[in-house]
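Colleague: Could we go through this model together before I use it? I have several short questions.

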Amino acid sequence: MNAQTRAARKSVHHTVGAYDQKAAMLFLTPMVVVLGVVAVFPVLYSFWISLFDIKLSRPHRTPFVWFDNYARVFQDHMFWDSVTRTVSFTVMSVAAILLVALCMALLLNEEFRGRRFLSAMLLVPWAIPFVANGLMWKWIYDSGYGALNGILYQLGFIDKYLVWLGDPDKTLPLIANAFIWKAVPLPTILLLVTLKSIPSDLYGAAKVDGANVWRRFFHITLPSLKPAFILVMIYETMMAVRHFDLFFILTEGGPADASHVLSWEVYAETFRKLSFGTGAALAYIMALLIFVIAYSVIRTLGNKL
Amino acid sequence: MSINWSNQAGRREFLKRMGSLAGSSMLPFAGQALAADSINFFTWSAAVDTVKSHLTAFEKKYGLQVAHNMAPWAQYRDTSITKFVGKAPIDVMWVSDSWLPEWADAGWLAPVDGYADLMKYNADTNDFCNKSMQYKGRQYGLTYYSDFMAFLYDSEKLAKAGISAPPKTWDEVVQQSLKIKKAGLSEYPLMLSMARETWLIEFLTAMVYSHGGHFVDDAGNAVMHDPKKGAHQTLQWIVDAVQKHKIISPACVELGELLGFKAFSSGNHAFALLPRYRVRPLSDTKQSQIGGRVKQALMPAGPNGSNATVGWMRFYGMTAPAAADKTRAANAVKLIEWFGGKADGQYKFQKLLFSDGGSAFGVKSLFGDPEIRAEYQKYSDFDMFEKQQNLARKKDVVSRWFGEWDEINGTAWQAAVLGKSSVADALKRSAQTWNDLKKQS
Amino acid sequence: MANLGRRALLLIASIAFLAYVLAPIAWLVSSSFQSESELTSKPPHWIPHQPTLENFATIFTANDRVVTYETRSEGVTATSGFVPSTAKYLLPAMWNSFVVAITVVVLNLLVSIPAAYAMAKIRFIGRTSSIYFMLVTRVIPDIALVVPFFLFIRKLGLLDNLLSLIITYLAITIPFSVFVLLSYFESLPDELDKAARVDGCSRLQTLLRVFLPLAMPSLVAVMLFSFLTSWNEFLLALMFTQTPAAQTMPIIVASFTSDFTISFSFINAAGVVAIIPPVILAVVFERYIVSGLTAGAVKG
């Protein structure tokens, strides 16, 4: 009898899920090492930077300023404007994502020929790289030759090509549209799975009771979807708040700051104004915001942990 | 996964694969170690083949290896900064005149005035370029190329609209544009790029100078908001052009230099403000639909202005880490001379650049070179080139805080053009930012 | 009758669905087959009147060669017109992306599977905090990490090396992978574990022989997610890689738009080439993703 079997025999006397520090430590070590070294160090270092007044254009003087950077950020109207735009973008996006995902999930929940094909196509927007997504929509929105202009013109809705991304009133919704388009597949899957888990007897009983389609929808479907809605809402909010790539590719925060959201503010502060200290502070404030949201996620699924 | 985890053979196979993968990805690392002996040359991705061909010749002549890296122009400043901060190996790099104070003060660039091999070219370089490479009394490189903002027009459209000569003043630009617009030849006759990018300040400065204004006075204080000396007239003209006369498209805030160039070359506009070297591709019928009819005119003058325009230059800089190491510095000097000075006794690269891409140079003697003149005459007017060149002045906003101010200024002008802000407010904001930044430094 | 109405409704809805999901990509593909002059027509040609393969040809025939005075192509012009100077790097960049993504997937599995198993099936001190720890590392926006990451990578001497990207992407993808696997493992009954141990398996063997085969859907989901994240990542790759030797696909594709020439048709073709691998993967593995990502995530 080798050592392994002997050990197994010994531990058999404990119930599974029992206290087994050694094995756990062993299994966890790779993850802790990788994350600790590669993720924790930069995070801590970033925080350290945010306590200094570092302007790269003035490298010889980097005073330690405690939380001055943070205070300055909160007093900067640019910061609050960015927050407003971020909120606006997020609300727009999350609402639309929920709506579109719900419609798609409802459709995919039905049994009909070709459903498999639709299902397979669903993931295409999610799979394409952000860069490609940005460039694709930039081309569609192009004021000179874009498809959006083209199709509206051909259908007679407009009589000449309009300005899209360059119009500050349209900028955020257009970026949101590109974001939504790529984000929709995952929530759709989540909603679909939830839909499938609703027991059909519920519907059967309701039909017997004389409830029509709408009543069934509002009284059975929607309430059952609530947990999924909440999960999607929180996840997509997190994603929308920290999203950067589309703003970088489509508008670079413009025109005239129309799309100057929080993530762009962090970038501009760090790389355009070369103020690493305030940039790091901004990033941490953003992180705090996201952390609060993440915490809610964990609480929602709290029973599992 | 085709690896069978549960048996010995499978695990061995996995290790084998990981080993070869690690090996292949270690190769660039190994290459990088050897590259310590080579010169690290960092540029933006322009004239790539021209640069590469010249590098091949350099490597052959001196037996030195050059590791040539590039970043897109739009991201050049950002990537350079990350590299500086991270002390990435760069020896020689292209630098824009706008960034010199910022990078010199930050200690990233080293002066080259200690190298006679390079300084000897100053005598044959025009004043504008030399001055642009100097900061606080030290010189930081040799000229890569220099050019100015030109006023271009499509002669065919003018002819069809019955206009005999290009506009001499900005008022005439409005009138002629309205005529062209009425004749149905172009919806928005003037192409002006107003996207917030690196090019924007050049476009704005050209307009401001030709209107007789300034952003900043000689003492370095902001005067852009001054209705007489500043940029007030200029911005008002642009706003009127977009909103009142409708001769500039409201999409101009989306239009960067590249897209603007493309739009003009598609024949959508009658007039355009573009870097002069664009005349070369615009005249090429293979690339442009207005090839053969694009001409350069002197920059129109404002009511109290002149035909002045803005000139800029880019140069080869040596990084501070390179200068600190004797061998690296010596190699860097060789490379800078090969490109920015003479190669094998000739201004080879400058001439190549001119014939390939139409980019101009800072070398005085080349202006008198008959080959150059003949080449240029093939597609454009050399006399006009010289004339406008003599009226080109460097930007008055070059300073250590330029990068930061540029963002705010650009956004402010955009806001005015879009009608989100009044002209006075926009300029006041710009001036305020300038003065604040100046005080802080 | 109601049946007919239902079918009509489903048909309309399906068409709307497909239009929404596929139309933008269809336009991308159509644009890539048009020449520059056709592409800039007003209104646009939805289906190319004169389809051409020249954009793709440029991508696939561009190669690295020693450029001398004689062989250089003239500055801003190439014979086919507007071709960005970095065109020849697209295919090598895709290979780099591929190498990085595959390595990240493999290493991700190696690290995440044991960790997720431990957190799901073993009780130990620090269990909850390890889960929090893992999630917290993903809360900082990536932009804030660029400079510290850069310094770290540089210290390891891995600048412009694919390993730097691999390490970084591992840090990015592990938390999500662990989270997904954790959910899935938890949905598997504890009895399995018990039974396996009674049979004399060590913990590792239990994991490998019992749980892994059952968790195949979520494994596939995790693999796909790690692959796509690595394939699509842009900002960090831009900062860490310097030469085309190590640059990944998003960098090269982005560089096309800011080059000194511009060609819409070429950019579209490059976009098509860039999205083909991820799209194929997504379509082929869609079924696994659905079950893998959502098992136990939301109880109805």
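Modeller: The answers below take up confidence, domains, a chain contact, a helix and the core.

Modeller: This is a predicted model, in which local features need pLDDT of at least 70, side-chain atom pairs count only at pLDDT 80 or more, and totals for chains, interfaces and linings use all residues. Residues are numbered from 1 along each chain as its sequence is written, while chains are lettered from A and ligands numbered from 1 in the order in which they are written.

Colleague: What ipTM and pTM does the predictor give the complex?

Modeller: The ipTM is 0.80 and the pTM is 0.82.

Colleague: And what is the mean pLDDT of chain C?

Modeller: Chain C has a mean pLDDT (the predictor's confidence in each residue, from 0 to 100) of 78, and 84% of its residues reach 70 or more. Residues 75-81 of chain C are below 50, although this stretch has 20 contacts in the model beyond near neighbours in sequence. Two residues are in contact if their C-beta atoms, placed from the backbone, lie within 7 Å. Where pLDDT is low, the predicted coordinates should not be read in detail.

Colleague: Which domains does the assignment give for chain C?

Modeller: Domain 1 covers 2-61 and domain 2 covers 89-294, with bounds from an automatic or database domain assignment. Their C-alpha centres lie 31 Å apart. Twelve residues of domain 1 of chain C are in contact with twelve of domain 2 of chain C.

Colleague: Turning to chains C and A, how many residues does each give to the contact?

Modeller: Chain C gives 89 residues and chain A gives 85. On the chain C side, helix 13 (residues 264-294) gives the most, with 16 residues. Helices here are DSSP runs (H or I, at least four residues), and strands are runs of E of at least two, both numbered from the N terminus.

Colleague: Is helix 11 of chain B buried or exposed?

Modeller: Nine of the nine residues of helix 11 (residues 257-265) of chain B are buried, so this helix is largely enclosed by the rest of the structure. A residue is buried if 20 or more other C-beta atoms lie within 10 Å of its own, exposed if 12 or fewer, and partly exposed in between, with C-beta atoms placed from the backbone.

Colleague: What do those buried residues pack against?

Modeller: They pack against strand 8 (190-191), strand 9 (271-275) and helix 12 (279-283) of chain B. Just after helix 11 of chain B, Gly267(B) takes a positive phi of about 85 degrees.

Colleague: Finally, which residues is Ala116(C) in contact with, leaving aside its neighbours within four places in sequence?

Modeller: Ala116(C) is in contact with Val178(C), Leu181(C), Leu182(C) and Phe185(C).
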